[in-house]
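This report goes through one chain, from a few of its helices to the overall fold and the internal cavities. The structure is shown first.

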Amino acid sequence: MSAHPVPNTDEERLAQLGYQQELHRRLSGFSNFAVSFSIISILAGAITSYGIAMAAGGPLAITLGWLFVGGMVTFVALAMAEVCSAYPTAGALYWWAAALAKRNKAAWAWFVGWFNFLGEVAVTAAIDFGAAITTSAFLSLTFDMEVTAGRTFLIFLIIIVAHGLLNTFGVSLVRLLSDVSAWWHLIGVAVIVAVLAIVPDQHKPISEVFTQVENATGFGFAGASVYAVLIGLLMAQYTYTGYDASAHVAEETHDAARAAPRGIVMSVVVSIAAGFVLLVAITWSIQDYAAERDTDLGLPPAQIFIDAVGHNLGTFLLFICVVAQFFCGMASVTANSRMAYAFARDGALPGSRWWKQVNPRTGTPTNSIWLCVTISTLLVLPSLWNTTAYLAATSIAVIGLYIAYVGPVLLRRLSPDFQPGPWNLGRWSAPIGWIAIVWVVVICVLFVLPTSSPVTAETFNYTIVAVAVVVGAATIWWFAGARRWFTGPRQNLLERAAHGEQTMPTMPTD
């Protein structure tokens with residue numbers, strides 16, 4: 001437990017960290033969990049990336065791979081949650097890095113912050129573009145609409161603008177929709193699993209659901225099947241992103257030092273259990289593996305639904321996924337905008353004075369919301385001409401976010417003076433933290449490897465390029481000037497006091 005006196009209120013703890021309460025503190029512990037659970041969204045990531053594991057690894061990577069990756073991600077979530085309890089601020093990862101670093105605090109905050117910001121934007125883009133793909137498949141089945149790149153992009157625009165508007169209206173609406181989203185996901189999974197278990201005339205042998213290995217990567221060297229399974233773990237790892245949202249909305253959560261870390265961990269744990277049941281049911285219902293993997297719908301689970309339970313019922317199951325993915329994207333914009341707001345509050349974004357503004361009526365960082373919507377749209381724009389360009393832009397999501405996730409965990413392990421918050425790991429902190437660090441190193445290597453053969457401009461894995469661009473741009477900017485003016489997190493409470501402004505909490509908290 002912390003050696004410092006425990007503050008009586010969230011506002012007092014925030015003041016200890018140097019910030020005046022500005023955002024409306026209206027999220028319950030369940031709502032905090034719901035935001036992260038909605039972004040992980042097993043009905044989004046696991047559905048839209050299911051085809052990755054169908055081609056690389058097959059059912060083994062889909063089912064047992066999901067459990068293995070989920071176990072590793074739980075270690076990362078636990079290690080992050082402990083730090084979150086000590087520092088429940090909207091700045092989250094980059095703020096933690098500055099607080100924990102012994103030297104070069106501003107540099108640590110700068111690089112972790114930029115990885116987190118760009119990773120968040122990339123995830124928002126990937127989620128909403130995935131939602132557009134799923135919606136296009138649904139409209140194709142329902143209205144016989146021809147799926148084209150232009151129409152998919154238009155659907156993406158409608159979805160992401162709607163998410164911007166919903167977030168603009170205020171945190172109370174976000175809270176309501178996040179709560180609905182959590183229940184929609186849980187009930188939706190139950191409905192899909194029940195239908196797929198009861199309705200199909202035939203199922204795959206259950207042994208194949210857990211042991212069958214597929215390798216459609218084109219690689220034929222000795223051990224290629226093992227390599228394919230490892231590459232196929234990307235499906236699960238991509239889905240398990242975004243749970244840092246619980247930390248980013250900490251300044252809007254009651255009892256944040258306990259509720260936010262619980263939200264981080266429980267969103268992962270519940271996703272592991274519900275996602276495993278869902279993936280087993282879908283894989284068990286495969287009727288024609290090759291045909292469903294290469295379906296013209298562009299979404300293998302959609303074809304599996306149709307083949308297993310018929311057109312109408314299959315379309316209904318896809319509709320459940322469409323709604324869930326809409327909720328997922330909305331929650332992603334929420335988390336993304338809060339991180340951008342906090343980063344701008346500390347002067348790290350170009351035009352920070354615009355992006356750090358809070359709408360006094362709604363208590364939301366409106367300008368940051370639309371900044372994130374705009375950048376995410378720009379990332380998806382190349383999909384009109386080349387899907388490889390889109391994948392290159394969004395490949396930073398997994399590795400970029402996990403680098404940001406594990407940076408503060410590493411610094412916490414190297415900081416003997418760390419004072420745990422009320423939610424902590426006790427004697428298990430060190431082993432859990434080091435396992436988390438090792439796992440992130442493994443995926444940083446694994447997911448930059450070639451994913452298909454032969455390697456051409458169209459099949460090249462651009463993840464390493466995306467990571468290099470982020471590191472290079474942030475480094476150049478840092479040494480070109482940022483190191484002279486970026487000092488890390490700015491404590492607005494102290495700045496306002498220095499200017500003689502009111503420093504007591506003024507925003508509603510109920």
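## Helices, fold and cavities

In helix 18, the buried residues are T366, S368, I369, L371, C372, V373, S376, T377 and V380. The model is a predicted one. An α-helix has 3.6 residues a turn, so residues three or four places apart point the same way. Helix 18 covers residues 366-380 and is one of the elements against which the buried residues of helix 7 pack.

**Helix lengths**

Three helices can be checked against the rise of 1.5 Å a residue. The table sets the expected span beside the distance between the end C-alpha atoms.

| Helix | Residues in helix | Expected span | End C-alpha distance |
|---|---|---|---|
| Helix 6 | 39 residues | 57 Å | 56 Å |
| Helix 7 | 20 residues | 28 Å | 29 Å |
| Helix 18 | 15 residues | 21 Å | 22 Å |

For helix 6, the end-to-end distance agrees with the expected span. The distance also agrees for helix 7, and again for helix 18. The expected span is 1.5 Å times one less than the number of residues, which is why the 15 residues of helix 18 give 21 Å.

**Helix 6 and helix 7**

Helix 6 runs from 105 to 143. Of its 39 residues, 31 are buried, so that helix 6 is mostly covered. After helix 6 comes D144, with a positive phi near 55°.

One residue of helix 6 is A131. Its relative accessibility is 2%, and because buried means under 20%, A131 counts as buried. Apart from neighbours within four places in sequence, A131 is in contact with I159 and Q325. I159 is among the buried residues of helix 7. I155 is also among the buried residues of helix 7, and its C-alpha atom is separated by 8.7 Å from that of A131, 24 residues apart along the chain.

Helix 7 spans residues 149-168. Which of its residues are buried? They are T152, F153, I155, F156, I159, I160, H163, G164, L166, N167 and T168. These buried residues pack against helix 6, helix 8, helix 16 and helix 18. Helix 7 is followed by G170, which has a positive phi near 130°.

**Two serines**

S172 belongs to helix 8, which covers residues 171-198. With a relative accessible area of 28%, S172 is partly exposed. The C-alpha atoms of S172 and T334 are separated by 12 Å, although the two residues are 162 residues apart along the chain.

S352 is part of helix 17, residues 352-355. At 11% relative accessibility S352 counts as buried. Not counting residues up to four places away in sequence, S352 touches A344 and G347.

**The chain as a whole**

The chain contains 23 helices and 2 strands. Its radius of gyration is 22 Å, close to the 24 Å from the globule rule for 510 residues, so the chain is as compact as a globular protein of that length. The C-alpha trace spans about 70 × 45 × 45 Å along the principal axes. Of the 510 residues, 59% are buried. Among contacts between residues at least 6 apart in sequence, 83% join residues at least 24 apart.

**Cavities**

How many cavities of 30 Å³ or more does a search of the whole structure find? The search finds 2. The largest cavity has a volume of about 90 Å³. It is lined by 15 residues, of which A44, G45, I127, Y238 and C328 are the closest to its centre. At least two lining residues come from each of helix 2 (29-48), helix 6 (105-143), helix 11 (234-239) and helix 16 (311-345). The lining of the largest cavity holds 9 nonpolar and 6 polar residues, with no charged residues.

The second largest cavity holds about 30 Å³ of space. Its lining consists of D10, R13, L14, R25, P88 and A256. Helix 1, residues 10-16, gives the most to this lining, with 3 residues. By class, the lining of the second largest cavity has 3 nonpolar, no polar and 3 charged residues. Charged residues are thus present in the lining of the second largest cavity, whereas the lining of the largest cavity has none.

Methods: Residues numbered from 1 in each chain as written. Predicted model: local features only at pLDDT ≥ 70, side-chain atom pairs only at ≥ 80, totals over all residues. Heavy atoms only, no water. 1 Å grid on protein atoms, 1.4 Å probe; cavity = no way out; pocket = protein on both sides within 12 Å on 5 of 7 lines; lining within 4 Å. Points joined across faces, edges and corners; volume = space filled by probe spheres on them. Helix = DSSP H or I, 4+ residues; strand = E, 2+ residues; numbered from the N terminus. Nonpolar A, V, L, I, M, F, W, Y, C, P; charged D, E, K, R; others polar. Buried < 20%, exposed > 50% of the residue type's maximum accessible area, 1.4 Å probe, protein only. Contact = heavy atoms within 4.5 Å. Rg over C-alpha atoms; globule rule 2.2 N^0.38 Å.
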